[in-house]
Amino acid sequence: MSDGVDAVLICIVLTSFVLVGASRLGTCIRVVALQGVLLGVLTLAAAESVLSLRAPLLALTIVGLKGAAFPWLLSRAVRDADVRREIEPFVGYKVSLLLATLALAASLWLGARLPRPNPAMSALVVPVALFTIQVGLFIIISRKKALTQVLGYLVMENGIYAFGVGAVEGTPMLLELAVLLDLLVAVFVMGITLFHIRREFNHIDTDQLVALRDWVR
Amino acid sequence: MIAALLLIPVLGAVVAYALRSNAHRRAMLVAVAFAHAAVAGGTWASEPSPWWGGWLALDAPGRLFLSVTSALFLAAALYGVAALRRELPGEREDFEEGFLFDNAPEATFTACLLLFLAAMTLVTVSQSFVLLWVGIEATTLASAPLIYFHRHHRSLEAAWKYLLICSVGIALALLGNFFLAVAASGGRGAPVPLVLPDLLRAAGTLDVAWLKAAFLLFLVGYGTKMGLAPLHAWLPDAHSEAPSLVSALLSGALLNCALLGIVRAQQVCAAAGQAAFGQELLVGFGLLSMAVAAVFIAGQADYKRMLAYSSVEHMGILTLGIGLGGGGTFGGMLHAVNHSLTKAALFLVAGNILAEYRSKSTADVRGVLRVLPVSGMLWVAGFLAITGTPPFGSFLSELTILKAALDQGRTGVAVAYLALLGVIFVGMATAVLGMAQGAPRDARGVRGRREPLLSVVPAGALIAVVLLLGVYVPPVVHSVIAEAARALG
Amino acid sequence: MSAAAAVPALLALALAPLLLGVTSRTKAVMAGRVGRPLLQPYFDVLKLMRKGAVYSRTTTWVFRAGPVVGLASMILAAALVPFGGVPALVAFPGDVLLFVYLLAVGRFFTVVAALDTGSSFEGMGASREVTFAALAEPALLLGLAAVARGTGSLSLSTMLAGATGPVWAESAPVLALVAAALVVVFLAENGRIPVDDPATHLELTMIHEVMVLDHGGPDLAFILYGATLKLWLLGALLVGLAVPIHTGNAWLDVAAATAGMVALAVLLGLVESQMARLRLVHVPNLMVGATVLSVLALLLTVR
């Protein structure tokens, strides 16, 4: 049981690394979709009892939302926005990969220091969740395009959700669904705003969104 | 009753799309606002029964903030009728840069306003931490389209920053929820559900390390939404680009709802005996927010941005008060009420000034007292109220916080507090009084223009209430605030 | 040091050029050709040994020493690598570092010999070779460090002997990550696609080929044979890690390992027929990716 969870977690770590080093928008969206699917598999692998309907249902919802719906929404935003498909980063790819490695080491260290939340679960859950959250934040900060900021937000949510699945037991199903619904609406609204940004600015580079500032230029 | 509070705005939002005429829609907006305010007022008379298995219930802080939200929404709705009537159909020219833009469809605007109200109500009535989170995220999603009402690049930029920064912050708060769940799983017996009464009861069994980490995440996450420095980057842009009635709601009602999230976390911490940990952090963030606001208010060129930074300052004062504990908590809660009412009034008046002078720059606006007499008076009165001049209510709440600081022997904090208040007073006075007095730049033939009632009465009423609170706090209000303060330890 | 211990080294020395032949034959078959004879590399080496070498007047003793030192370091390295469960001729704690740095010595002398010619082509190839080697080194060392940490020993023989079937089942992620990193290092160190195209002879795209442009005769034979030895040795490392067959019968294990090597050569041929070479600026990204995999494996064994 723990081996399965471990293997899925390591795959999630690898997808985060690929995301940090990828240079094309399409690749990034597909990798985030893969991460969503892996999260669904994690939900199944971490389920306690085999017979309850809750875990498969939740896993299916997650795979449907994060593995299919969100990437589809974002791909449509990319297509409608007709933007250049190269990601332009503030921080170069090699430096990003090295920073991600440092983040992984830091997360493993931190995970060892925090008291274990759920003794039945693999010890890798907390470090991997923290690492994924850090990767999400890093992608938001270090990439120029607004779409990659949304992807970074999704990766952050993936990490937080991985923590929830691995460390917390007994959350009512209704609340988990409410959280997922919120996430869906969030991505939907972000997608619409991306469309408006493209229509307004003719690009989706956020480093050009500098019209509002305090002291007069 | 709680169900009514939630369902009325949602139904209104659905109806907004069904109605054809703008006039009908505005009337419906006002009707819904009245209905909501009536039910909210009813909760003072009779205690509403918990709904949904105890997840939704109204306790003292909730009732306080619910009433403030409802009152502000009513004022904003009434003002909105005049403001929306002023908006010309079709394209119009931008004041600052001269390009043409159009507005969002009014149906969308009204529907999002009502959903915003529903989300804020959800935040105030929820006893479950997860539902609180859902509510706050929903407020972000409902208010982003509101900021993008005037469809041009500046408001789009503001809306995008708001959406992304607040979503990231709120995601951190979700992690805080999970940390809290881990802290509550205890080990002894069944895990404690993340509902406030249960958590308070079982506070002794919570794991301290996870609880502290959870509080930190709540503070950072909801603090982003609340506008605490250094997480306030979205606030000036969003508040200055949104239409004035939206800014009023954002500043007055939304920041309070985010505060409620932090308040709930602090309640649990206090019950678990970790009150001091949270309080230190709150004092630190409070002073930092005041300092940042002071720096940016001095010499601020845009008066709506100045008001936005003033919101940051007052959130700092609130946080400082709650962080000081004891009498300071009472002062903080009272200040939340005063600030909400005053700031909303100021934004509504600023909307009038903007519509008249067609410029957001402080330097361009002169002689408001002559051109718009009522608005000018309200502008000056609002300024006096917001900076804590007696006899307005803010003076009382700020004094209470000062007294709490001195009582605890924290003279450094008190000195910094007073100094920053002074700097902000000077900064705002230069701007506001400069705008109010003098002669208008271009010779306007009309002197003392008659202003539509609906554009001044709401703001006037709000300032009157603040004045009243400064002179006499009704005992029922006093007891509710005291109860809210007591819950915080 | 018993007689049986010489088996890995002898197999390496004897069969290394065959790997190259198998790879060429696979590529030919994939292209629909018949291709060269399987033993062609042997014929090439022998042919070159019979020829004479021409030395430029601008070169010094370094140019003559380069190929010799390269071959010598490869033969010494062959003494350190175990094969099919049989421990190497020379095994002591720390020999893994000696192995890696013997490869480095060989590379160093090849590079210096290339610079010694004073030609700009060789200089360009030398600089590229050194860059990619510098990026491949952390991947190799950290991957081997992960295996060392996992098996608790710093000797190659013990490390590869420790990678048995049950160990794989238990710490599959670590071994999988190390194997993946070692595959990239294998491709990079030997100058195969996607890092370098061994068949190209355009100066702007060559890396390894361009360094040895000026050598001829026996020198070129040494270089060619040394390159095949390097291919075999790194492949033996990879196969030893990835093919955990320890039946207990030494001959069967050796035969299985040899079959593994042939399979590796076929796989290499398949990869080379399917993929194109990476753009030069993207190769460092690949190397950093391999380093990241090694680091991940190391972190997983350390925690």
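Let's start with the nonpolar core. This is a predicted model, and its largest nonpolar core has 366 residues. Which residues have the most contacts inside it? They are Phe116(B), Leu249(B), Val81(C) and Ala181(C). The largest share of this core comes from α6(B), which gives 23 residues. Keep that helix in mind. We come back to it shortly.

Take one of those four residues, Val81(C). Set aside its neighbours within four places in sequence. Val81(C) is then in contact with Pro8(C), Ala12(C), Ala88(C) and Phe99(C). The list goes on with Leu156(C), Leu233(C), Ala236(C) and Leu237(C).

Now the chains. Two pairs of chains are in contact, and chains A and B share the most contacts. What about B and C? Chain B and chain C do not touch. Their nearest C-alpha atoms are 22 Å apart.

Back to α6(B), this time with a partner from chain A. Helix α6 of chain A covers residues 146-167, and helix α6 of chain B covers residues 153-184. Their axes come within 9 Å and cross at roughly 10°. Angles under 35 degrees count as roughly parallel, so α6(A) is roughly parallel to α6(B). Who makes the contact? On α6(A), the residues include Tyr153(A), Met156(A), Ile160(A) and Phe163(A). On α6(B), they include Trp160(B), Leu164(B), Leu175(B) and Phe178(B). By class, the residues of this contact are 14 nonpolar, three polar and one charged.

Next, the side of chain A that touches chain C. Here 14 residues of chain A are in contact with ten residues of chain C. Which elements of chain A give two or more residues to that side? They are α1 (2-21) and α4 (93-113). Of these, α4(A) gives the most, with eight residues. By class, this side of chain A has ten nonpolar, two polar and two charged residues.

Last stop, a sheet in chain B. Three strands form an open sheet in the order β1-β2-β3, and the pairing is antiparallel. Why is one side of β1 and of β3 left without a neighbour in the sheet? Both strands, β1 (92-93) and β3 (150-151) of chain B, stand at the edges, each with a single partner strand, so one side of each has no neighbour there. Look at β1(B) with β2(B), residues 100-103. The two pair in the antiparallel sense over two bridges. For Glu93(B), the bridge partner in β2(B) is Leu100(B).

Conventions:
Residues numbered from 1 in each chain as written. Chains lettered and ligands numbered in written order. Predicted model: local features only at pLDDT ≥ 70, side-chain atom pairs only at ≥ 80, totals over all residues. Contact = placed C-beta atoms within 7 Å. Helix = DSSP H or I, 4+ residues; strand = E, 2+ residues; numbered from the N terminus. Nonpolar A, V, L, I, M, F, W, Y, C, P; charged D, E, K, R; others polar. Axes fitted to C-alpha atoms, helices over the stretch in contact; angles between N-to-C directions. Parallel < 35°, antiparallel > 145°, perpendicular 65-115°, else oblique. Core = buried A, V, L, I, M, F, W, Y, C linked by C-beta atoms within 7 Å. Buried ≥ 20, exposed ≤ 12 C-beta atoms within 10 Å, placed from the backbone. Pairing = 2+ DSSP bridges.
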